[in-house]
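Take a look at the model below. We start with one side chain, then turn to the cysteines and to confidence.

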Amino acid sequence: MNKVFLIFALLFLIGCSENTNTDSKEEAGSKEVYSIYCKSFDNKYAASFLSDKEKIVVALLDGENSFTIDDIIWERSLEKLDDEDLGYGNYKPYVLGNMNFFRNTYKIFTLYRAYKTQYLFFYDEKGNLLKQTNKTPITNIITDCPWDKDCMILGIDQIEEDTYYVYDYKGTEKEILKYKGKYNILGMSWESIEDNRYFSCSNNAICFISFQDKEIKIDSEINLPDYIKNLYPNEENTPKINEVVDYEVNKERCKVELEVILFNSQKEIVTVILNSNTGEIITPNQITQ
């Protein structure tokens, strides 16, 4: 069944600078003013969707928070895709559910979703189509790959094992990686220790990570809520980790500073220093107010 629906579904966009209704417009003199969907890294350009024209557009922004029709640099009609066949005579149209600029570039990608599957499209600075990816299962999209600054990730969250599809800005699939672990490593801060070895941290954990046979492996880890609980044995109410204040990473050691809040609202800084090779804590607990 060949249907083409031109529908725009505003979905949650990780990494977008704006989360506004892209279909809204208002009159500025005799020109229609359009709101932005997302901005480029330097706030110079905006990408958006114009429902009245059924097009995606990239426009000159130059620090402004909206644009007019005269600011548009390039535009494209929505991609034409066959509906997803759900079986039993049921079909689901693909809708534009996401778009964003690649990190530190003026290239953009768009993502079309149906019920179980999706497609990615990649465009250059002039709006030329670079590549259309193959149909993949519905995934979470991470615009910034933590271990490769020129790539993005589509991650499939599964019960036993996650799958990460890594694409460069031309739409080339660079690798497919598997990950088994309890932590959301893509939501953590990453820093390279040396080739193929990484330090990562968040409010929940400190992990030392390596890549082995197309798998992301956690070589060692520290559960930070448990660590803080053991660090304050006399507190009836366990202090909460407010944020990772700072971290330093080199080949010998990794230093992490955590801001914790006690039940009485007092804030303290907990410093953790670890061996970069073993992941073990190598200094006594350090707490400062």
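Which backbone nitrogen lies 2.9 Å from a polar atom of the side chain of D124? The one that belongs to K126. This is a predicted model, and the distance is read from its coordinates. The side chain of D124 also reaches the backbone nitrogen of G127, at 3.0 Å.

Where does D124 sit? In the loop between β12 (117-123) and β13 (129-132). D124 is buried, yet has no salt bridge. The nearest side chain of opposite charge is that of K126, 7.1 Å away. A salt bridge would need the charged atoms within 4 Å. So K126 meets D124 through its backbone nitrogen, while its side chain is too far away for a salt bridge. Leaving aside neighbours within four places in sequence, D124 is in contact with W74, K107 and L130.

Now the cysteines. The structure holds zero disulfides. C145 is in none, and the nearest cysteine sulfur, that of C151, is 5.7 Å away. Why is C151 unpaired? Because its sulfur is 5.7 Å from the closest cysteine sulfur, in C145, which is too far for a bond. Both residues are buried: C145 has a relative accessible area of 0%, and C151 has 1%.

Finally, confidence. The mean pLDDT of the protein chain is 85, and 88% of its residues reach 70 or more. Among the elements, strand β9 (residues 90-92) has the highest mean, 96, and strand β1 (residues 25-28) the lowest, 49. Over residues 1-25 the pLDDT is below 50. That stretch still has 69 contacts in the model beyond near neighbours in sequence. Where pLDDT is low, the predicted coordinates should not be read in detail.

Definitions and conventions
Residues numbered from 1 in each chain as written. Predicted model: local features only at pLDDT ≥ 70, side-chain atom pairs only at ≥ 80, totals over all residues. Heavy atoms only, no water. pLDDT = per-residue confidence, 0-100. Helix = DSSP H or I, 4+ residues; strand = E, 2+ residues; numbered from the N terminus. Contact = heavy atoms within 4.5 Å. Disulfide = S-S within 2.5 Å. Buried < 20%, exposed > 50% of the residue type's maximum accessible area, 1.4 Å probe, protein only. Lys, Arg positive; Asp, Glu negative; His and termini not counted. Polar contact = N/O pair within 3.5 Å; in protein donor to acceptor, adjacent residues only side chain to side chain.
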